[in-house]
Amino acid sequence: MPGIPGSLTFDEYGRPFIIIRDQDKQNRLTGNDAIKSHISAGRQIANTLRSSLGPKGLDKMMVSSDGDVTVTNDGATILKMMDVDHEIAKLMVQLSQSQDDEIGDGTTGVVVLAGALLEQAEQLLDKGIHPIRIADGFELAAQFAVKHLESIADSFPVDAKNPEHLIKTAMTTLGSKIVNKCHRQMAEIAVNAVMAVADMEKRDVNFELIKMEGKVGGRLEDTMLVKGVIVDKDMSHPQMPKVLRDVKLAILTCPFEPPKPKTAHKLDVTSVEDYKELRKYEVETFLKMVQQVKDAGATLAICQWGFDDEANHLLLQKELPAVRWVGGPEIELIAIATGGRIVPRFEELSPEKLGHAGLVRELVFGTTKERMLVIEECKNSRAVTIFIRGGNKMIIEEAKRSLHDALCVVRNLVQDNRVVYGGGAAEISCAIAVSQEADKISTLEQYAFRAFADALEMIPLSLAENSGLSNMETLTEVKARQVKEKNPALGIDCMLKGTSDMKEQHVIETLHSKKQQLLLATQMVKMILKIDDIRSPADH
């Protein structure tokens, strides 16, 4: 019979059954064995990340196959660079990535929470509870926890004139990063960058207007925010001026060279006169192109393509500074910042298509003679560049990742200004509420509710452990105080400041991020619990 993966045969009573082909070449796990195999893989990934959680979390060093070294404690980056083979481990990597794409922060916490839920699910399976009942119980518990989070959330003033609250939230995000020695400075840069490009009416932030540029050398403290664009290029000729004021920019995607036929062609030069004629034509074409740019009123040419030394010399003679080999994304950003139009042909150049900038200057770094071009005081000041300095490439890359997290958190606050308190305070509060709700449930799901509450406590437990505190003792004390004082802002004092009140310590997380963590981790665990059969090739 077509479509059957084997041969159809009958037993002695005439009942049909199928003998499936190549079973000796396949591995198969079914029932609880399959689920437990998945749980084991998920927990291993979560345990790898647990020690990176919180402000005292440790970093991981990742070495790629070609010897590139990355040192980071960003959950999404660690998992992305881990070479995992197990299917469920790959799902955990995707879970962290989806948290990073959607929220930009909380990538470690979401994986640790998923690992804790899987650990609790394994204990419930051992008690004989069906995986579907566990999955449904977790789903109901997550929905209840999200409602509880909304009830304990505080509203948060987002004001461009008074950004202090936003800076404190960004500082919470940066607390666990390598940049925490210049903690406040980085937070201010992140907040100012978002506020510069934010559309407060639509409550939206266009991240394409924020560019991050890094340069090895200097210190992290030298990092600065430029209200404009930084391009990793310099003037095409060393004798061109290094500082230009009240600049009109011609943004060109056409090359400074004589036009060539589009198709394959061959040019035969048979005499000296022909060569001189060709030479004359080239010079005239160059002159015409430069004159067209000058006639439009441009005082600086930004070119996507290169040009030869002759054209370069001609531009210097005609006193038209130029920058060559500027990449596509940078060209677009310059056009947005200066209000200019990208021009594909010299003939189309006109004064209204030019961009405007108050100042264009070259930055020179140390003794390396490396240069970068800064375009400032632009017509549209909504395009900004964060210019990061650091002792080596590794620190700069980690600073970029850290600032990206901080930018995402500030953007989330612009979009939804409700916050909860960090340091495990929100998780402890949810755990208490979910546990109390479990006592009101008469069905089997009450076990899943209690297990969900225990899994939530893994976040404060890990924070206490990573901070060198006695984890169970610290958690029990904070939990008892939350119940007694009915204060959902009490959390783990990771920084040993003498108070467990996260409101006083200004440890703040966005409600949107915390809700997303709970929902994503629960969806992931629910999906894993529903898989009860694995078939894979024997050599897999």
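How many residues does helix α17 have, and what span does the helix reach from its first C-alpha to its last? In this predicted model, α17 covers residues 511-529, which makes 19 residues. The distance from the first C-alpha to the last is 27 Å, close to the 27 Å expected at 1.5 Å a residue. As for its surroundings, 14 of the 19 residues of α17 are buried, that is, under 20% relative accessible area, so the helix is largely enclosed by the rest of the structure.

The next topic is the empty space inside the model. Rolling a probe the size of a water molecule over the atoms shows where such space is left. With a threshold of 30 Å³ or more, the count comes to two cavities.

The largest cavity has a volume of about 40 Å³. Its lining consists of Arg43, Ala46, Asn47, Arg50, Val112, Gly115, Ala116, Glu119 and Met458. Two elements, α1 (31-50) and α4 (107-126), give two or more residues each to this lining. By residue class, the lining of the largest cavity is mixed: four nonpolar, two polar and three charged.

The second largest cavity also has a volume of about 40 Å³. Around this cavity stand Ile152, Val420, Tyr421, Ala426, Pro488 and Ala489. Here the lining divides into six nonpolar residues, with no polar and no charged ones. Charged residues therefore belong to the lining of the largest cavity, where Asp, Glu, Lys and Arg are the types counted as charged, and three such residues are found there.

Conventions
Residues numbered from 1 in each chain as written. Predicted model: local features only at pLDDT ≥ 70, side-chain atom pairs only at ≥ 80, totals over all residues. Heavy atoms only, no water. 1 Å grid on protein atoms, 1.4 Å probe; cavity = no way out; pocket = protein on both sides within 12 Å on 5 of 7 lines; lining within 4 Å. Points joined across faces, edges and corners; volume = space filled by probe spheres on them. Helix = DSSP H or I, 4+ residues; strand = E, 2+ residues; numbered from the N terminus. Expected span 1.5 Å × (residues − 1). Buried < 20%, exposed > 50% of the residue type's maximum accessible area, 1.4 Å probe, protein only.
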